Amino acid sequence: MNNRTREWWTGFFFIVPATILFIAFVYYPFIQSIFYSFTEWDSIRPAKYIGLDNYTFLLEDSKMINAAKNTLLITIFGLAIQNPLSLLLAVLLNRSFRTRAFLRTAFYLPVVVSLVVTSIVWGSILQYDGLLNGLLDKIGLAEWGRDWLGNSHTVFPTIIALTQWQGLGYSAVIYLAGLQSIPQELYEAAKIDGASARRRFFHVTLPLLMPAITIVVFLTIVGGLKLFDIPYVMTGGGPGSSSYTLTLAIYNAAFRENTYGYAIAAGIVLMIFIMIVTLIQLRITRRREVEI
Amino acid sequence: MRKRMTLLMSITLLMAMTLSACGGNGNGNEAQSPKASDNSGSVESAGSASNDNAFTIRIGTWFIDDRPYMQEFKANIEKAYKAKYPNGTIQWDITLGDTYSDKLKAELASDTAPDVFFHQGQTAKFGEVGYLADLTGEPWTEKLNPGTKSSYLYKDIVYSLPMGVASSGIWYNKKIFGDLGIQVPKSWSELEKAFSTIKASGITPVSAGFKDIWTAQMTFNLWMQPYGNESSQTYGKDLYEGKKTLEGPEVQAVMTHLQDMVDKGYLNKTALSIDWPQSAELFTSGKAAMIVQGPWMPGTAKENFETKGHTAFDLGYFPFTTDKGYAKLSIGIDQSLSINSKTKLLQQAKDLVNIIASPEVYGPFNVGGGTVPAIQGMQLNYPDPALNDLMKVVEETDAGMGYESYLPASAMTSLVETFTKVASGIKFNPKDLAEAQKKLEKDKGTVIVPAE
């Protein structure tokens with residue numbers, strides 16, 4: 001055996017265990033789940049083939065449609081509100097001032113703390129007799145008080161606000177890292193050329209920040225489309241079905257309603273949708289990236 | 001280099017062999033058995049366990065917690081089993097909460113389930129796929145209450161021991177009712193009058209904790225049972241067969257009454273954001289006059305009086321009634337006990353179930369939980385007067401299996417979602433019920449019609 005063959009075999013044996021594990025625990029269940037998406041299956045009795053029924057019912061299921069609307073809304077809010085806010089926050093935290101380190105920690109803290117823990121804490125704050133309503137009462141706005149999570153009108157805006165609060169620090173940290181990688185000389189050169197702060201931001205900072213923007217936009221889209229834990233812990237999708245997200249509706253279809261075949265079909269549609277959206281997004285943002 | 005290569009190849013081969021054993025068929029699993037015996041015990045003594053050989057038998061459950069009567073139940077079983085099998089050890093696989101059911105399904109599918117296990121309403125499904133051992137002919141099977149047939153029988157074979165018949169309903173504070181001169185309501189209109197009087201006195205009429213979805217589901221089902229059965233004695237079956245629909249006047253009546261209650265402030269404002277223990281506290285603190293709960297409520301109240309500093313009061317019980325005063329109790333079996341058909345300790349497992357079915361173990365369990373024995377002929381003494389109130393109502397009132405046993409879980413979920421939506425203050429829209437009906441038609445195939 002010559003050196004080259006020996007190297008090839010060594011490499012081969014290194015990747016075999018991981019490949020087997022990947023096939024056994026990722027590809028095999030995935031391929032199997034495609035089959036189950038065409039069946040009526042309750043995870044106990046044998047699956048019964050029903051063709052495309054699960055997929056066609058997705059279009060008639062008002063709960064799934066409502067969950068899809070909620071999911072899109074969360075994603076759009078993430079892109080339109082959380083994204084620019086986190087960029088602004090990063091720009092501010094990139095300046096030098098005395099409480100900078102403290103503020104950086106404070107904004108990043110929600111990311112570090114478990115989502116389940118923050119959901120429980122916020123749940124108690126937002127209860128009818130919770131801290132928020134108590135505060136409103138103290139400042140003379142008692143009539144504004146309501147059961148924020150138990151009211152069909154307020155529950156979803158509340159969940160959107162919480163997801164934005166939770167994700168703000170994470171995106172800001174990515175932007176901060178991007179900002180710190182931009183060489184100061186470029187700003188100095190722009191200043192000498194007479195560029196205003198606004199021009200420096202749009203013509204130096206923003207183009208060079210595109211790789212960070214690509215990542216943040218990607219994570220915001222994916223995170224929004226697969227949001228599960230906050231509504232799961234705080235509302236369970238209720239009241240009614242007003243705070244369902246797609247992943248929560250899929251989870252309930254499987255584990256609460258025992259319609260596993262239907263849940264898998266919905267999961268596959270969601271996966272395809274996420275793939276398409278993220279591919280388009282990566283194409284758009286990557287094209288605008290600039291290298292120094 | 002060659003040594004390293006040999007080592008690498010050996011590791012890779014070993015890993016591949018381990019993985020193929022994991023993914024193998026039934027034979028592969030059997031090959032793994034001796035290793036699994038460390039935990040299961042049932043396999044350790046496969047086929048050879050007797051009074052002389054040491055063995056461990058596994059029992060799976062989700063409800064045995066720190067409550068005194070649960071600990072007594074566990075101790076009684078262990079004591080009686082030790083007397084029967086001095087060398088037998090019971091291994092308790094306790095997973096509290098909802099995850100138990102998912103875990104059990106996975107264990108049954110992978111042949112790793114406990115020898116004996118409790119489950120909730122799965123007799124027909126598990127029986128159909130062959131997960132359960134035939135218990136027909138065991139001494140207690142002849143005495144089972146035929147009214148609970150659907151919980152233990154599938155195709156004329158006994159697969160489960162129902163642990164007791166639970167009847168849930170409306171528990172009330174006798175002191176508040178007495179102080180306000182309210183008689184036990186016999187119809188919906190009388191109940192409404194009681195709500196109004198209680199509300200006027202500054203007390204919340206009903207405490208609800210719908211953050212726990214099961215409480216909303218239980219309330220809805222208990223309410224539906226008389227409304228549905230008043231219109232047809234076979235309401236559940238009629239829904240299943242398409243003779244009635246979930247968009248019909250029965251469901252609409254309940255939703256409309258709920259909306260009326262919400263509009264008039266008869267429910268606590270926190271109804272959607274507190275869980276069942278918080279709602280129980282609201283009731284036992286005397287801030288609310290009624291609560292819809294199961295037979296465990298008197299026990300919980302007693303505990304709250306002792307530990308939360310609430311002033312003790314007597315509890316009373318009455319069922320949901322329709323506008324015309326018709327009542328029908330919903331009989332529910334909270335826990336059923338079965339034997340894994342794949343157990344290697346079949347006789348030992350049967351003996352364990354027989355011990356649990358004995359009056360010394362089964363009786364105190366029912367007394368503690370406030371349930372009526374599903375094994376007939378057991379005369380029990382319920383020390384809590386509130387439970388005697390419940391037993392009296394159960395004896396005097398028409399009762400039957402819940403209409404919901406004919407519905408797929410998806411339709412039930414949809415109904416409960418409409419119920420909580422109305423409870424949250426959104427005006428009831430009859431069109432919302434169309435989704436439940438659609439799900440009923442779509443997922444009818446997942447329902448196994450209960451034994452009659």
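Here is a friendly set of questions and answers about this predicted model.

Reader: How many helices and strands are there in chain B?
Author: A good place to start, and remember that the model is predicted. Chain B has 452 residues, and 55% of them count as buried. Its elements come to 18 helices and 14 strands.

Reader: What share of the contacts in chain B with a separation of 6 or more comes from residues 24 or more positions apart?
Author: Here we set aside pairs with a separation below 6 and look at what remains. Within that group, residues 24 or more positions apart account for 75%.

Reader: Which domains does the assignment give for chain B, and what distance separates their centres?
Author: Each domain is made of two stretches of the chain. Domain 1 covers 55–165 + 332–379, while domain 2 covers 169–293 + 407–446. Taken over C-alpha atoms, the centres of domain 1 and domain 2 of chain B are separated by 31 Å.

Reader: What span does helix H17 of chain B reach from its first C-alpha to its last?
Author: H17(B) runs over residues 409–423, which makes 15 residues. At 1.5 Å a residue, the expected span is 21 Å. The helix in the model is close to that expectation, reaching 21 Å.

Reader: Is H17(B) mostly covered or uncovered, and which residue just after it takes a positive phi?
Author: Of the 15 residues in H17(B), 13 are buried, and the helix is mostly covered. Just past its end, a positive phi of about 105° turns up. The residue with that angle is B:Gly425.

Reader: How many cavities of 30 Å³ or more does a search of the whole structure find, and what is the volume of the second largest?
Author: The search finds three cavities of 30 Å³ or more. The largest holds about 180 Å³ of space. For the second largest cavity, the volume is about 40 Å³.

Reader: Which element gives the most residues to the lining of the largest cavity?
Author: The lining has 22 residues, and those nearest the centre of the cavity are B:Val206, B:Thr219, B:Leu267, B:Val292 and B:Phe320. Elements of chain B that give two or more residues to this lining are helices H8, H9 and H11 and strands S9 and S10. With four residues, the top contributor is S10(B).

Reader: How many charged residues are in the lining of the largest cavity, and how many in that of the second largest?
Author: Around the largest cavity, the lining divides into 16 nonpolar, six polar and no charged residues. The second largest cavity is lined by B:Ser168, B:Gly169, B:Leu222, B:Pro319, B:Phe320, B:Lys328 and B:Leu329. By class, these are four nonpolar, two polar and one charged. The charged counts are therefore none for the largest and one for the second largest.

Reader: Why does B:Thr89 count as partly exposed?
Author: B:Thr89 lies in strand S2 of chain B, residues 88–94. Leaving aside neighbours within four places in sequence, B:Thr89 is in contact with B:Phe55, B:Thr56, B:Ile57 and B:Lys82. Partly exposed means between 20% and 50%, and B:Thr89 falls in that class because its relative accessibility is 38%.

Reader: Why does B:Asn304 count as buried?
Author: B:Asn304 is found in helix H13 of chain B, residues 297–307. Beyond four places in sequence, its contacts are B:Ala280, B:Glu281, B:Thr284, B:Gly309 and B:His310. Buried means under 20%, and B:Asn304 meets that cut-off because its relative accessibility is 7%.

Reader: Which residues does a cis peptide bond join in chain A?
Author: Most peptide bonds are trans. The cis bond here has an omega of about -5°. Its proline is in the loop between helix H11 (229–234) and helix H12 (246–255) of chain A. The bond joins A:Gly238 and A:Pro239.

Reader: What is the phi of A:Ser43, and what is that of B:Asp111?
Author: Most residues other than glycine have a negative phi. A:Ser43 is in the loop between strands S1 and S2 of chain A and counts as buried at 18% relative accessibility. B:Asp111 is in the loop between helix H4 and strand S3 of chain B and is partly exposed at 39%. Their phi values are both positive: near 75° for A:Ser43 and about 55° for B:Asp111.

How values were computed: Residues numbered from 1 in each chain as written. Chains lettered and ligands numbered in written order. Predicted model: local features only at pLDDT ≥ 70, side-chain atom pairs only at ≥ 80, totals over all residues. Heavy atoms only, no water. Expected span 1.5 Å × (residues − 1). Buried < 20%, exposed > 50% of the residue type's maximum accessible area, 1.4 Å probe, protein only. 1 Å grid on protein atoms, 1.4 Å probe; cavity = no way out; pocket = protein on both sides within 12 Å on 5 of 7 lines; lining within 4 Å. Points joined across faces, edges and corners; volume = space filled by probe spheres on them. Nonpolar A, V, L, I, M, F, W, Y, C, P; charged D, E, K, R; others polar. Domains from an automatic or database assignment. Contact = heavy atoms within 4.5 Å.
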